[in-house]
Amino acid sequence: MNILVTGGAGYIGSHTAVALLDAGHSVVIMDNLSNSKAEVVANIEEITSKQVVFYEADAADPVSVERVFKAHKFDGVIHFAGYKAVGESVEKPLDYYYNNIVSTMLLGKNCLKYGVNKFVFSSSATVYGDNDVPLDEDMELGKTTNPYGETKAISERILTDVAKANPNFAVSLLRYFNPVGAHPSGLIGEDPKGIPNNLLPYITQVAKGTLKQLKVFGDDYDTADGTGVRDYIHVMDLAEGHIAALDYLTAGVHIYNLGTGRGTSVLELIQAFEEANQIKIPYEIVGRRPGDVAATYADVTKAKRELDWEAKRDLHDMVKDAWHFEKRLGK
Ligand code: NAD
Ligand code: WQD
């Protein structure tokens with residue numbers, strides 16, 4: 001299939017582009033490089049020895065989007081493009097609502113206009129709000145706690161309504177938990193701008209000496225060791241989940257959790273990193289981060305049952321590959 005990958009120079013999009021090319025699909029990437037670098041596209045081509053068509057363009061701009069749809073016959077779209085920093089979304093809600101929702105609407109409009117009937121959307125476990133774990137796809141969505149999460153919940157509703165109005169339109173809403181790690185080549189990975197918000201990229205920068213020590217945001221949660229529990233999933237497992245979602249995609253709306261179904265605490269992740277890479281990670285326990293919840297992890301039985309997909313890589317793989325990529329970054 002010929003797939004449009006918006007945000008394909010980004011962390012998850014680039015790994016999914018590699019998986020698509022390795023699976024024999026062709027890929028067109030549309031990315032405005034607001035949170036990535038053009039060299040990622042070259043790295044995708046180096047890893048796969050395949051060519052990628054790349055447009056440096058804004059998925060929230062109607063002229064740019066239509067120009068891409070006019071130039072190619074797509075069999076499907078995977079929509080990664082968007083802003084994703086929770087804290088930033090609280091400070092700049094309009095930027096987030098505009099970028100994340102207008103891009104979804106424009107892509108939906110062009111899919112209908114140009115007869116593209118497969119749409120895979122990057123959603124987030126954030127849409128579950130304060131539901132109890134394990135989180136499952138049939139749950140009523142909870143109240144999201146930030147504008148970023150709202151943009152995901154609203155985009156899900158928009159795509160659901162588009163599928164209801166267009167019987168041939170097929171939508172897969174993929175709710176990611178905590179993607180971490182990197183392609184084993186070390187050529188692509190998570191390379192956040194500035195100080196990382198997320199745990200594992202922060203740890204790898206402490207390991208490299210770029211950052212002095214890790215702050216553990218609270219050890220008084222109702223969890224086994226008091227620190228936050230999350231469902232970390234290797235980004236290559238996540239990427240392969242997109243291939244499965246595309247392969248099994250039929251008309252209507254299909255929602256899947258992409259996680260491992262296992263919860264890991266902050267202290268457990270630190271320990272796994274230290275053991276796998278033989279590097280000590282200095283840390284101090286500080287107060288809770290506002291907005292954090294104690295534990296989130298997925299019920300992953302539906303993706304296994306319907307997509308014949310499950311995460312294969314373990315915590316050791318995640319922290320090993322993350323460190324291998326960080327070391328190659330060299331900055
Ligand atoms: P990322 O920032 O690395 O990738 C997003 C890419 O989209 C970037 O390359 C950026 O330049 C591009 N982009 C942003 N706005 C654009 C626009 N208007 N037009 C074209 N390109 C645009 O983030 P990521 O971690 O790869 O996340 C990809 C998607 O998955 C996002 O939609 C995010 O909300 C979602 N998601 C991420 C996580 C996570 O923890 N990383 C978890 C759940 C969901
Ligand atoms: C994980 C755990 C922190 C950093 C976020 C977004 C979510 C999704 C995935 C987009 C928590 C603790 C973290 C640090 C720490 N992104 N932590 N010190 O918050 O689960 O999810 O990324 O969709 O929307 O909310 O991920 O990596 O920030 O935190 O102690 O320096 O690590 O408290 O328990 P989170 P995270």
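**Exercise 1. Which residue's side chain does the side chain of threonine 227 join through a polar contact?**

Solution. The model is a predicted one.

Step 1. Find threonine 227 in the loop between β8 (214-217) and β9 (229-230).

Step 2. Look for a pair of N or O atoms within 3.5 Å. A polar contact of 2.6 Å joins the side chain of threonine 227 to that of aspartate 225.

**Exercise 2. Decide whether threonine 227 is buried or exposed, and list what it touches.**

Solution. Step 1. The relative accessible area of threonine 227 is 0%. The limit for a buried residue is under 20%, so threonine 227 is buried.

Step 2. Leave out residues up to four places away in sequence; threonine 227 then touches Val216, Gly218, Asp219, Tyr221, Ser265, Val266 and Leu267.

Step 3. For a separation in space, take valine 171. This residue and threonine 227 are 56 residues apart in sequence, and their C-alpha atoms are 36 Å apart.

**Exercise 3. Work out the strand order of the open sheet of 7 strands and explain why one side of β3 and of β11 has no neighbour in the sheet.**

Solution. Step 1. Read across the sheet: the order is β3-β2-β1-β4-β5-β6-β11, and the pairing is parallel.

Step 2. Go to the edges, where β3 (53-56) and β11 stand. Each has a single partner strand, so one side of each is left without a neighbour in the sheet.

Step 3. Check one pair inside the order. β1 and β4 (residues 76-79) run parallel and are joined by 4 bridges. Valine 5 has isoleucine 78 in β4 as its bridge partner.

Step 4. Add the helices. α6 (residues 147-165) lies across β5 (118-124), β6 and β11, and runs at about 155° to β5. α8 also packs on the sheet, where it touches β1, β4, β5, β6 and β11; its direction makes about 160° with that of β6.

**Exercise 4. Describe the largest nonpolar core and the surroundings of tryptophan 309.**

Solution. Step 1. The largest nonpolar core has 41 residues. Leu20, Val27, Ile44 and Trp309 have the most contacts inside it.

Step 2. Ask which elements give two or more residues to this core. Among them are the strands β1 (2-6), β2 (26-31), β6 (170-176) and β11 (252-258), and the helices α1 (11-22), α2 (39-48), α8 (235-247) and α10 (301-307).

Step 3. A second core, separate from this one, has 27 residues, including Val28, Val102, Leu107 and Val116.

Step 4. Return to tryptophan 309. Not counting residues up to four places away in sequence, its contacts include Ile233, Asp237, Glu240, Gly241 and Ala244, as well as Asn257, Leu258 and Ala303.

**Exercise 5. Identify the residues that come nearest to ligand 1 and ligand 2, and find polar atoms close to each ligand's own atoms.**

Solution. Step 1. There are 29 residues around ligand 1, of which Asp31, Asn35, Ser36, Asn99 and Tyr148 come nearest.

Step 2. Sort the atoms of ligand 1 by element. An oxygen atom is 3.3 Å from a polar backbone atom of glycine 10, and an oxygen atom is 2.8 Å from a polar backbone atom of tyrosine 11. A nitrogen atom of ligand 1 is 2.7 Å from an N or O atom in the side chain of asparagine 99.

Step 3. Turn to ligand 2, which 18 residues surround; the closest are Thr126, Tyr148, Leu199, Arg230 and Asp292.

Step 4. Examine side chains around ligand 2. An oxygen atom of this ligand is 3.2 Å from a polar side-chain atom of serine 124. For an N or O atom in the side chain of asparagine 178, the distance to an oxygen atom of ligand 2 is 3.0 Å. For arginine 230, the corresponding side-chain distance is 2.6 Å.

Technical notes
Residues are numbered from 1 along each chain as its sequence is written. Chains are lettered from A and ligands numbered from 1 in the order in which they are written. This is a predicted model: local features need pLDDT of at least 70, side-chain atom pairs count only at pLDDT 80 or more; totals for chains, interfaces and linings use all residues. Side-chain values use heavy atoms; hydrogens and water are left out. A nonpolar core is a set of buried Ala, Val, Leu, Ile, Met, Phe, Trp, Tyr and Cys residues joined through side-chain atoms within 4.5 Å. Buried means under 20% relative accessible area, exposed over 50%, partly exposed in between (1.4 Å probe, protein chains only). Contact means heavy atoms within 4.5 Å. Two strands pair if DSSP finds at least two bridges between them. Axes are lines fitted to C-alpha atoms, for helices over the stretch in contact, and angles run from 0 to 180 degrees between N-to-C directions. A residue is near a molecule or strand if one of its heavy atoms lies within 4 Å of it. A polar contact is a pair of N or O atoms within 3.5 Å; within protein, one must be able to donate a hydrogen and the other to accept it, and residues adjacent in sequence count only if both atoms are side-chain atoms.
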